[in-house]
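User: I am new to reading protein models, and I would like to see how labels are justified. Could you take me through this one step by step?

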Amino acid sequence: MILDIDTLPLKSPYFLKEVTSMKDIASQDIHRALLAVRANSTLKGFDQAVCAVSLVIQDEDLLKRVTRELYPQVEKMCGAPKGTVERNLRTLISQCWADGGKIPLELMAKRELEEKPKPVQFIEIIAVHLIRK
């Protein structure tokens, strides 16, 4: 059975907001993609993942400058203490993996994942999936 991540049932308060701009649509799509891979929206890493994916969608070269530019920008945007973004993303990814997010993540990546992705790989998979849509 092939799953289509766009038809997975999702429950989130984010979909109750009125969409008023392209920025909202992009944010909503990121939330939807993260929920599809079973990310828990109550974890600190969830909002940080939304910020990171959003930044990467705007500038894919940030994937080459993760520790120098991407994580510090996410820390600033989310008000996170210095050096906590990568750890929070690792926690989020572990939770996704444990809660059955492997298959939807593989569908987004369009390849089999033998191990859970590192934070930069996770961000890239979500961003590239959304860019391709």
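**From values to labels**

Analyst: In this predicted model, Thr84 lies in the loop that connects helix 3 (66-78) with helix 4 (85-98).

User: Why is Thr84 called buried?

Analyst: A residue counts as buried when its relative accessible area is under 20%, and Thr84, at 9% relative accessibility, therefore counts as buried. Leaving aside residues up to four places away in sequence, Thr84 touches Gln48 and Glu75.

User: How do you know that the span of helix 6 (residues 119-132) agrees with what it should be?

Analyst: The expected span is 1.5 Å times one less than the number of residues, so the 14 residues of helix 6 should span 20 Å, and the end C-alpha atoms are indeed 20 Å apart, which agrees. Several residues of helix 6 are buried, among them Phe122, Ile123 and Ile126.

User: Which residues touch the most other members of the largest nonpolar core?

Analyst: That core has 37 residues, and Leu34, Leu70, Phe122, Ile123 and Ile126 touch the most other members. Helix 1 (22-36), helix 2 (44-58), helix 3, helix 4, helix 5 (102-109) and helix 6 each supply at least two residues of this core, while its largest share, eight residues, comes from helix 2. Beyond four places in sequence, Leu34 touches residues including Phe46, Val50, Phe122 and Ile126.

User: Where does pLDDT stay under 50?

Analyst: It stays under 50 over residues 1-25, whereas the protein averages a pLDDT of 84, with 81% of the residues scoring at least 70. Among the elements, helix 1 has the lowest mean pLDDT, 79, and helix 4 the highest, 96.

Methods:
Residues are numbered from 1 along each chain as its sequence is written. This is a predicted model: local features need pLDDT of at least 70, side-chain atom pairs count only at pLDDT 80 or more; totals for chains, interfaces and linings use all residues. Side-chain values use heavy atoms; hydrogens and water are left out. Helices (H or I, at least four residues) and strands (E, at least two) are DSSP runs, numbered from the N terminus. Buried means under 20% relative accessible area, exposed over 50%, partly exposed in between (1.4 Å probe, protein chains only). Contact means heavy atoms within 4.5 Å. A nonpolar core is a set of buried Ala, Val, Leu, Ile, Met, Phe, Trp, Tyr and Cys residues joined through side-chain atoms within 4.5 Å. pLDDT is the predictor's confidence in each residue, from 0 to 100.
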